[in-house]
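Visitor: I would like a close look at one part of this protein. Please take me through the interior, and then through the pieces around it.

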Amino acid sequence: MMPEMVRVVVVGGGYAGVMAANRLAGNRVTPAVEVTLVDPGAQFTERIRLHQFAAGTRGAPGVEWAEVLHPQVRHLPTRVASIDAENRTVALADQESLGFDWLVYAVGSGEQSTPLLSVTNPAAAEMTGKAIADLAPGAAVTVAGAGPTGVEVACAVAASRPDLAITVVAPSGLTHPLTGRPAVARRLQRLGITVEDGMVDPATGAVTTPDGNPRSAAEATIWTVGLAVPTLAADSGLPVSRDGRLLVDATLTVPGHERILGAGDAVTAQGASGAHLRASCASAIPLGAHAAETVLARLAGTAPSVIDIGYLVQCLDLGAGRGHVQTVRPDDTARRWALTGRVGGWAKEQVCRMTVSWLAKEARKPGSYTWPSGPAVSVG
């Protein structure tokens, strides 16, 4: 006999988790679905804007949950301590255990742990913002890492505090496929940002140049190097990749655990359909929608589809309304055409607004995040 209510627990309230929760809560299936989203945040974090919050150009790190969550989703402001796949329960940090019939794992990612400043989460970004605001004119700031986060942080701080001496330090300079574009280098130069080859000590902020000469840490060092994921999946005995990401198949199902799905940065989708996916909100939103669709398909007794996600653009916020938007092929390789300067900044801002808009529309009208044909195309 089928239960009258199916319990779905979504672990993590980022882009993937909110999209999955909204898609599940608003769909009319038999049996009905009760969705609980577990996330400790006081509000939904716009992670792609945390560099602006840290630079003092944005007043808040996110938006209220009510703006992006379906009204029938129950939000529990706590953390999941462990997942018991066999007994279908999750242990919560400060409440009684929670049972589930289906679980969507969407815990996201952050920078590698370090005592240095960072923009990993709202608390870290707030601390970074206070440290930057307290610096005297002429103070030195080191940004460790020349990937998208590092460049966005450096530009945001340089635009808000042009009186600081900002240096981006990375082993091979601007070699990231996106930040290595000539237009990006020109923007950094105009902002007075120095790019230097070297290594930053994650414990002290000291810099070592290629010739081996050490340099003391700057007055402020912001760490943006490498992504790390929570150890929740590994600690719970679920299958993970070498870097700790939950392993899922092309339907986003955990092998050997049909009732557990994964979406977002903390997941590795095995097979050709997931090989090109990168950690980003551009991947997280369609993955969250697909995880929900897999649950709904199984509840309806139909076979779930495999992921088919392609990209449109990669984009950078380069401070003070400037940006760089690079068009890409569906497999995320670059095309020749790009938007730069103020036009690129406008386009980047529209992408940022669209991410929240998609979640909000899904909360009001589930199923609205769809495309007329072909793969789910992602931006950002």
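Guide: What follows starts with the nonpolar core and moves on to a helix, some strands and the cysteines. Keep in mind that this is a predicted model.

The largest nonpolar core has 67 residues. Those with the most contacts inside it are Leu24, Phe44, Ile83, Leu103 and Tyr105. Helix H8, residues 281-299, gives this core its largest share, 10 residues. Apart from this core lies another, of 33 residues. Val141, Val157, Leu188 and Ala220 are among its members. In soluble globular proteins, nonpolar side chains tend to be buried together.

Now take Tyr105. Leaving out residues up to four places away in sequence, Tyr105 touches Val11, Ile83, Pro230, Leu232, Ala233, Leu246, Leu261, Gly262, Ala263, Ala266 and Val267. Ile83 therefore appears twice here: it is on the list of residues with the most contacts in the core, and Tyr105 touches it.

Next, H8 itself. The helix has 19 residues. From first C-alpha to last it reaches 27 Å, close to the 27 Å expected at 1.5 Å a residue. H8 is mostly covered, with 17 of its 19 residues buried. After the helix comes Gly301, with a positive phi near 80 degrees.

Move to strands E6, E7 and E8. Strand E6 covers residues 80-84, and four bridges join it to E7 in an antiparallel run. Ser82 stands opposite Ala91 of E7. The two strands form a hairpin with four residues between them. In that turn, Arg88 has a positive phi of about 55 degrees. E7 also pairs with strand E8, residues 98-99, in the antiparallel sense over two bridges. Here Thr89 has Gly99 as its bridge partner. E7 and E8 form a hairpin too, with five residues between them.

How do the side chains of E7, residues 89-92, point along the strand? They alternate. Val90 and Leu92 point to one face and are buried. Thr89 and Ala91 point to the other face and are not buried. In a regular strand the side chains alternate between the two faces of the sheet.

Another set of strands forms an open sheet. Its order is E14-E15-E16, with antiparallel pairing. Strand E14 (199-200) and strand E16 (214-215) are the edges, each pairing on one side only. E14 pairs with strand E15, residues 207-208, over two bridges. Met199 stands opposite Thr208 in E15.

Thr327 deserves a stop as well. This residue sits in strand E25, residues 323-328. Thr327 is buried, with a relative accessible area of 9%. A polar atom of its side chain lies 2.6 Å from the backbone oxygen of Trp337. Leaving aside neighbours within four places in sequence, Thr327 is in contact with Leu312, Val313, Ala334, Arg335 and Trp337.

Last, the cysteines. How many disulfides does a search of the whole structure find? The search finds zero. Consider Cys155, which is buried at a relative accessible area of 0%. Its closest cysteine sulfur is in Cys315, 14 Å away, so the two are too far apart for a bond. Cys281 is buried as well, at 10%. The sulfur of Cys281 is 7.3 Å from the closest cysteine sulfur, in Cys352, so that pair is also too far apart for a bond.

How values were computed
Residues are numbered from 1 along each chain as its sequence is written. This is a predicted model: local features need pLDDT of at least 70, side-chain atom pairs count only at pLDDT 80 or more; totals for chains, interfaces and linings use all residues. Side-chain values use heavy atoms; hydrogens and water are left out. A nonpolar core is a set of buried Ala, Val, Leu, Ile, Met, Phe, Trp, Tyr and Cys residues joined through side-chain atoms within 4.5 Å. Buried means under 20% relative accessible area, exposed over 50%, partly exposed in between (1.4 Å probe, protein chains only). Contact means heavy atoms within 4.5 Å. A disulfide is a pair of cysteine sulfur atoms within 2.5 Å. Two strands pair if DSSP finds at least two bridges between them. The expected span of a helix is 1.5 Å times one less than its number of residues. A polar contact is a pair of N or O atoms within 3.5 Å; within protein, one must be able to donate a hydrogen and the other to accept it, and residues adjacent in sequence count only if both atoms are side-chain atoms.
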